[in-house]
Amino acid sequence: HYGVGVDIYAFGMVMLEMATLQTPYRECTSTAQVFKKVINNVKPECLEIILHPQLKQFILRCLASEKERPSATELLNDPFMTIGDDDNLPVQLSSRASLYKEPVSYTHLRAHETGR
């Protein structure tokens, strides 16, 4: 059954990939493994490297089971979407982020990518 909830789930996956710069479920070796994890509501491993609590909770809300998944309007009212003192600060990732030995941020990653 396709509905708006599927779009919210997809939005959560896009947010996860943007936040971690990792493909969700990259730990899986086949499409069948991904399908099984999604069906059983097993979250992607890369979710664990997000240190920003509000961002992580926002993504988890998007990836919740269909019955618990919020609407777009509810997401717009999420604390993560409100303007706060920490806006425009880099998103910190755990040192478990592959390729990096220390917590990284978008600023760090952008500098790494551009050689600056």
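Two residues are in contact here when heavy atoms of theirs lie within 4.5 Å. With that in mind, the residue I59 is a useful place to enter this predicted model: leaving aside its neighbours within four places in sequence, I59 is in contact with G12, M15, L16, L47 and I50.

From I59 the view can widen to the nonpolar core. The largest such core has 17 residues, and I59 is among those with the most contacts inside it, together with M13, L16, I50 and L55. Two elements give two or more residues to this core, namely α1, which covers residues 4-20, and α3, which covers residues 53-62. Of these, α1 gives the most, with 6 residues.

The cysteines C46 and C62 deserve a separate look. Because buried means under 20% relative accessible area, C46 counts as buried at 4% relative accessibility, and C62 likewise counts as buried at 0%. A disulfide is a covalent bond between the sulfur atoms of two cysteines. A search of the whole structure, however, finds 0 disulfides.

It remains to ask how confident the predictor is in what has been described. The mean pLDDT of the chain is 81, and 70% of its residues reach 70 or more. Among the elements of the chain, α3 has the highest mean pLDDT, at 95, whereas helix α5, residues 106-114, has the lowest, at 42. Over residues 99-116 the pLDDT stays under 50, and for this stretch the model has 27 contacts beyond four places in sequence.

Technical notes:
Residues are numbered from 1 along each chain as its sequence is written. This is a predicted model: local features need pLDDT of at least 70, side-chain atom pairs count only at pLDDT 80 or more; totals for chains, interfaces and linings use all residues. Side-chain values use heavy atoms; hydrogens and water are left out. A disulfide is a pair of cysteine sulfur atoms within 2.5 Å. Buried means under 20% relative accessible area, exposed over 50%, partly exposed in between (1.4 Å probe, protein chains only). A nonpolar core is a set of buried Ala, Val, Leu, Ile, Met, Phe, Trp, Tyr and Cys residues joined through side-chain atoms within 4.5 Å. Helices (H or I, at least four residues) and strands (E, at least two) are DSSP runs, numbered from the N terminus. pLDDT is the predictor's confidence in each residue, from 0 to 100.
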